[in-house]
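Subject: Structure for your files

Hello,

Here is the structure I said I would pass on. Please open it alongside this message.

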Amino acid sequence: MLPESITAIVARNERWSGEAASEPYEAGWAREAIFFVRALKEPSGPVPMARVEISPDGMRWLPEGTEFRMPNRRDGMSMARLTHFGNWLRVTARFEDGGECFVLVTLHLKA
């Protein structure tokens, strides 16, 4: 039996500034996940850390513990790997005043 896998786009050409988050994704069937964050334009302001959050219901969120630096240049990429994450996943970032980044966020899941 071949393993199941899926790639989901959870943010496409979105302007992230202030408090930003990707769309939540229900991933309880998967054993492993990788978030990729790509900067579609040159980011402005200080480049923040991104955080993975988990949720039991897709509405209330807790930090999962994984943090990674957002991409610091146009077409740059960052990523985070996960193996124990429950059911719902998303990525968040907090930009300082004036900071922003246009992003493409994909979630790759494998059973």
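Below is what was found, starting with the whole protein and ending with two residues.

The model is predicted.

Overall fold

The protein has nine strands and zero helices, so along the sequence the pattern reads β-β-β-β-β-β-β-β-β. The radius of gyration is 14 Å, close to the 13 Å that the globule rule gives for 111 residues, so the protein is as compact as a globular protein of that length. Along its principal axes, the C-alpha trace spans about 45 × 30 × 20 Å.

Of the 111 residues, 40% count as buried. Among contacts with a sequence separation of 6 or more, 79% are between residues 24 or more positions apart.

Surface and charge

About 6,600 Å² of the protein is exposed, and carbon and sulfur atoms supply 48% of that area. The side chains include 14 positive and 15 negative ones, and the centres of these two sets lie 5 Å apart.

E26

E26 sits in strand β3, which covers residues 25-26. Its relative accessibility is 43%; partly exposed residues fall between 20% and 50%, so E26 counts as partly exposed. Not counting residues up to four places away in sequence, E26 touches N87 and W88. With N87 there is a side-chain to side-chain polar contact of 3.2 Å. E26 and W88 are 62 residues apart in sequence, but their C-alpha atoms are 4.5 Å apart in space.

S55

S55 belongs to strand β5, residues 49-55. Buried means under 20% relative accessible area, and S55 has 6% relative accessibility, so S55 counts as buried. Two polar partners of its side chain can be listed:

- the side chain of D57, through a polar contact of 3.0 Å;
- the backbone nitrogen of G58, which the side chain of S55 reaches at 2.7 Å.

Leaving aside neighbours within four places in sequence, S55 is in contact with R60, W61, N87 and W88.

Where the two residues meet the chain

Which residues does E26 touch, not counting those up to four places away in sequence? They are N87 and W88. N87 and W88 also appear among the contacts of S55. If you look at one place in the model, start with N87 and W88, then follow the contacts out to E26 and to S55.

Regards

Definitions and conventions
Residues are numbered from 1 along each chain as its sequence is written. This is a predicted model: local features need pLDDT of at least 70, side-chain atom pairs count only at pLDDT 80 or more; totals for chains, interfaces and linings use all residues. Side-chain values use heavy atoms; hydrogens and water are left out. Helices (H or I, at least four residues) and strands (E, at least two) are DSSP runs, numbered from the N terminus. Buried means under 20% relative accessible area, exposed over 50%, partly exposed in between (1.4 Å probe, protein chains only). Contact means heavy atoms within 4.5 Å. A polar contact is a pair of N or O atoms within 3.5 Å; within protein, one must be able to donate a hydrogen and the other to accept it, and residues adjacent in sequence count only if both atoms are side-chain atoms. The radius of gyration is taken over C-alpha atoms; the globule rule is 2.2 Å times the number of residues to the power 0.38. Accessible areas come from the Shrake-Rupley method with a 1.4 Å probe; for residues, only the protein chains shown count as cover. Lys and Arg count as positive and Asp and Glu as negative; His and the chain ends are not counted. The place of a charge is taken as NZ of Lys, CZ of Arg, CG of Asp or CD of Glu.
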